[in-house]
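Biologist: Could you walk me through this model and tell me how you decide what to call things? I'd like the reasoning along with the labels.

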Amino acid sequence: MRIDIITVLPELLTSPFAASILKRAQDKGLVEVHLHNLRDYSTNKHKNVDDYQYGGGAGMVMSIEPIASCIEKLHDERSYDEIIYMTPDGEILEQGLSNQLSLLENIIILCGHYKGVDERVRELFITREISIGSYVLSGGELAAAVLADSIIRLIPGVLNDETSALTDSFQDNLLSPPVYTRPRDFRGHKVPDVLLSGNFKLIEAYREEEAYKRTKERRPDLLGE
Ligand code: ADE
C-alpha cells in the first residue's frame, strides 16, 4: 500500500511514521508513506498556500491551485483509489472504515488548515471526507496520523502476532476484555483465578463474557442498545 499525505506541516508527521509499528511496516516494504509539503506547489513568491475568503470573515482559506498541482502530479504517476480530506465535518472514522481502506492500493490524504480548503477542492478532487471525532484540531495532520495508523496496522504482516488485530476492540463490535500480566498478586489485587487455570475453554468463555459486560457498560450503542 502507498499513502501520500499532503500537508503544510510535514514536520508534524515525521515522528509518527519514524517509530515502532509504522516504521517497521515501512522497513518491511508493506507500506510506503510519502509526505508532500504543499508549499512546494505554491507559485507565489512567498510560498503562500492560503488566501482571504470571498464574502469576508475571519480566517484564511487554503487555495485550490497548489492542492490541484500536487494531486495532479501524483495522479500522473499512478492511479489512486481514494483522495481523502481530513475535516471535522467528514464521516466519523470507525473500525469498519479503517478495515475497508486497508484493502486499497494507493491513497492520498489531504490535511486541512485554517478555515479549511476552497470548496472546489472538495467538489473536484476529494472522494472521501473523514473526521476522527466531534472536536476541532488545529489542523488535519494529527487526524491523518491517526487514520494512517489505524489502516497500516491492519495490513497483513504488519503486526507480528497476526491475530492481535483481529482481537482488538471494535473488530467484532465488542470492546476488549481486561488483560493481566505478572505479578499474580499486586498489593492484594489478584489476577482472576480462571486466567491461571490453564483451561482454555473456560478462559475463552471468561473473555467473551467480560468483553460483553464491558461493552454493555461502556458502549451499549455497539450492541445496538
Ligand atoms: N481537522 C480538524 N479537526 C479534525 C477532526 N476532528 N477530524 C479530522 N480532521 C480534522
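Modeller: What follows is a set of labels from a predicted model, each set against its cut-off.

Biologist: Let's start with the ligand. Which residues come nearest to the ligand?

Modeller: There are 13 residues around the ligand, and Thr-87, Ile-132, Gly-133, Tyr-135 and Leu-137 come nearest. To be counted, a residue needs a heavy atom within 4 Å of the ligand.

Biologist: What makes the Ile-132 pair a polar contact?

Modeller: A polar contact is a pair of N or O atoms within 3.5 Å. A backbone N or O atom of Ile-132 sits 3.0 Å from a ligand nitrogen, so that pair qualifies. For Gly-133, a backbone N or O atom is 3.1 Å from a nitrogen of the ligand, and for Thr-87 the value is 3.2 Å, again from a backbone N or O atom to a ligand nitrogen. On its own the ligand has 260 Å² of accessible area, and the protein covers 96% of that.

Biologist: What is the shell made of, by class?

Modeller: It has 8 nonpolar and 5 polar residues, and no charged ones. Strand β5 (82-92) gives the most, with 3 residues, and β5 and β7 (128-131) each supply at least two.

Biologist: Why is Ser-20 called exposed?

Modeller: Exposed means over 50% relative accessible area. Ser-20 has 57% relative accessibility, so it counts as exposed. Ser-20 is in helix α2 (residues 20-27), and its phi is near 55°, a positive value in a residue other than glycine.

Biologist: And why is Lys-47 called partly exposed?

Modeller: Partly exposed runs between the 20% and 50% limits. Lys-47 has 38% relative accessibility, so it lands in that class. Lys-47 is in the loop between β2 and β3 (50-52), and also has a positive phi, about 60°, without being a glycine.

Biologist: What makes those phi values worth flagging?

Modeller: Most residues other than glycine have a negative phi.

Biologist: How do you know that the peptide bond joining Arg-182 and Pro-183 is cis?

Modeller: Its omega is about 5°, and the bond is a cis peptide bond. Most peptide bonds are trans. Pro-183 lies in the loop between α7 (163-166) and β8 (185-186).

Biologist: Last one: how does the span of helix α3 compare with what is expected?

Modeller: Helix α3 (residues 64-77) has 14 residues and reaches 20 Å from first C-alpha to last, close to the 20 Å expected at 1.5 Å a residue. Its buried residues include Ile-64, Ile-67 and Leu-74, and what covers the buried residues of α3 includes β1 (2-7), β4 (60-62) and α5 (119-124).

How values were computed: Residues numbered from 1 in each chain as written. Predicted model: local features only at pLDDT ≥ 70, side-chain atom pairs only at ≥ 80, totals over all residues. Heavy atoms only, no water. Polar contact = N/O pair within 3.5 Å; in protein donor to acceptor, adjacent residues only side chain to side chain. Areas by Shrake-Rupley, 256 points an atom, 1.4 Å probe, with all protein chains shown as cover. Helix = DSSP H or I, 4+ residues; strand = E, 2+ residues; numbered from the N terminus. Nonpolar A, V, L, I, M, F, W, Y, C, P; charged D, E, K, R; others polar. Expected span 1.5 Å × (residues − 1). Buried < 20%, exposed > 50% of the residue type's maximum accessible area, 1.4 Å probe, protein only. Contact = heavy atoms within 4.5 Å.
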